[in-house]
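Here is a friendly walk through the binding sites of this protein, with a look at two backbone details at the end. Keep the structure open beside you as you read.

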Amino acid sequence: MATDFKSIPIIDIGPLLAKCDDPKMGQDSGVAQVVKQLDQACKEAGFFYVKGHGIPETLLKQVKNLTRKFFELPYEEKLKIKMTADSGYRGYQRIGENITKGVPDMHEAIDCYKELKPGMYGDLGKPMEGCNQWPIKPTNFKMLMEEYVSLCTELSRNIMRGIALALGGSPYEFEGERAGNAFWVMRLIGYPGVHSANDSDIPKEDIGCGAHTDYGLLTLVNQDDDITALQVRNHSGEWISAPPVPGTFVCNIGDMLKIYSNGLYESTLHQVINSSPKYRVCVAYFYETNFDTAVEPLDICKERTTGAKKFERAVYGEHLVKKVQTNFVY
Ligand SMILES: N=C(N)NCCCC[C@H](N)C(=O)O
Ligand SMILES: O=C(O)CCC(=O)C(=O)O
Ligand SMILES: [Fe+2]
């Protein structure tokens, strides 16, 4: 590790997307430039912004606006799509229901997951089976979110082609058996602002989401344009802000990519603190491996590290189920 990062790089992935369906994309000089930047960002920070990703900024705004509208509804209305274990952990969770390292998070959210057909992954998939619970109002909610998920899925697959090249593999390392039928998660999240309490001068600093790593391959964060709240931990233990850059996604590496890369890329700790008076909305999309994929360090990555594997194999679905079963207080 040369220097410790103090900010998060912005990468224009336009040249990668222009060639991402060409099997010889690795030989293109524009692609090579992007791949180099991805490699550096993944090694140094595990975080980077992407621009030139092709998803219209108007859509990025629309999904946040609809999310904000939902959270403005009365609590009883939101409870109509309450998340439970029986709903496959899909639906609405109130502020403080999600817990991170034993501490309730100051956020509310709707959690959505790729739908699993009953019995599809046997006992492994059972806890996550169920249908997504979409708000009935506004009516276009489901349609817009599903459109958004499909664009994020395609974009993530293409970024993963760049990351596969960055690791020294073929563009398709993360397709087929590994992530050719990628599982996905989407969290529509709302973080209340801080309101100065009348009865005390002590400034509150509520944790919107405690320090954690993401579980899968790659996360695409679509955050509000006017509030800096996401923080990323660097190697010295300092918290580095990821301020909003309108029109971009903040991307970060998940636990499964850490294992595949044999630690060459880390799933970086991050947290969210909304210390502004305004309510903050974030739509986080998580691109994962196939649900039942057993993940272990890639040979190409073992060669680039010490030769020995640093992580044991992990089944993504087991990792996710373990998390969701301990993430909530009821
Ligand atoms: N699907 C993902 N990555 N969700 C991120 C949520 C992080 C907070 C959770 N309580 C935790 O402790 O993991
Ligand atoms: O709100 C954010 O900016 C990030 C949320 C996050 O890290 C997560 O949901 O995993
Ligand atoms: Fe996260």
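## The shell around ligand 1

Two strands, β4 (99–100) and β8 (209–212), each supply at least two residues of the shell around ligand 1. Please keep in mind that this is a predicted model. The complete set of residues around ligand 1 is Asn-98, Ile-99, Thr-100, Arg-187, Cys-209, His-212, Asp-214, Tyr-215, Phe-286 and Asn-327. Sorted by class, that shell has four nonpolar, four polar and two charged residues.

Which side chains place an N or O atom by a nitrogen atom of ligand 1? Thr-100 does so at 2.8 Å, and Asn-327 at 3.0 Å. Asp-214 also has a polar side-chain atom 3.5 Å from a nitrogen atom of ligand 1. On its own, ligand 1 has 370 Å² of accessible area, and the protein covers 94% of it. The space that ligand 1 takes is the largest pocket.

## The iron site

Next comes the metal, an iron ion that is ligand 3. Its coordinating atoms come from His-212 (NE2), Asp-214 (OD) and His-270 (NE2), at 2.1 to 2.2 Å. Along the sequence, these donor residues follow the spacing H-x1-D-x55-H. The two histidines link distant parts of the chain, with His-212 in strand β8 and His-270 in strand β13 (residues 270–272), 58 residues apart.

Two of these donors are worth following into the ligand shells. His-212 and Asp-214 are listed among the residues around ligand 1, and they are also listed, together with His-270, among those around ligand 2.

## The shell around ligand 2

Around ligand 2 you will find Arg-187, Ile-189, Tyr-191, His-212, Asp-214, Val-221, Leu-230, His-270, Val-272, Arg-280, Cys-282 and Phe-286. This shell divides into seven nonpolar, two polar and three charged residues. Arg-187 and Phe-286 appear here and also in the list for ligand 1.

How far from an oxygen atom of ligand 2 is an N or O atom in the side chain of Arg-280? That distance is 2.8 Å. Asp-214 has a polar side-chain atom 3.1 Å from an oxygen atom of ligand 2, and for His-270 the value is 3.1 Å. Of the 300 Å² that ligand 2 exposes when taken alone, the protein buries 97%. Ligand 2 sits in the largest pocket. The elements giving two or more residues to its shell are β7 (184–191), β13 and β14 (280–287).

## Two backbone details

Finally, here are two places to check in the backbone. The peptide bond from Lys-137 to Pro-138 is cis, and its omega is near -15°. You can find Pro-138 in the loop between α5 (122–125) and α6 (141–166).

The other place is Tyr-89, which is not a glycine and yet has a positive phi of about 65°. Tyr-89 lies in the loop between α4 (75–78) and β3 (91–93).

How values were computed:
Residues are numbered from 1 along each chain as its sequence is written. Chains are lettered from A and ligands numbered from 1 in the order in which they are written. This is a predicted model: local features need pLDDT of at least 70, side-chain atom pairs count only at pLDDT 80 or more; totals for chains, interfaces and linings use all residues. Side-chain values use heavy atoms; hydrogens and water are left out. A residue is near a molecule or strand if one of its heavy atoms lies within 4 Å of it. A polar contact is a pair of N or O atoms within 3.5 Å; within protein, one must be able to donate a hydrogen and the other to accept it, and residues adjacent in sequence count only if both atoms are side-chain atoms. Accessible areas come from the Shrake-Rupley method with a 1.4 Å probe; for residues, only the protein chains shown count as cover. On a 1 Å grid over the protein atoms alone, a cavity is a set of points where a 1.4 Å probe fits but cannot get out, and a pocket is an open set with protein on both sides within 12 Å along at least five of seven lines; lining residues have an atom within 4 Å of a point. A molecule sits in a cavity or pocket if more than half of its atoms lie within 2 Å of its grid points. Helices (H or I, at least four residues) and strands (E, at least two) are DSSP runs, numbered from the N terminus. Ala, Val, Leu, Ile, Met, Phe, Trp, Tyr, Cys and Pro count as nonpolar, Asp, Glu, Lys and Arg as charged, and the others, Gly among them, as polar. Donors are N, O and S atoms within 2.8 Å of the metal (3.2 Å for Na, K and Ca); water is not among the atoms, so sites may look incomplete.
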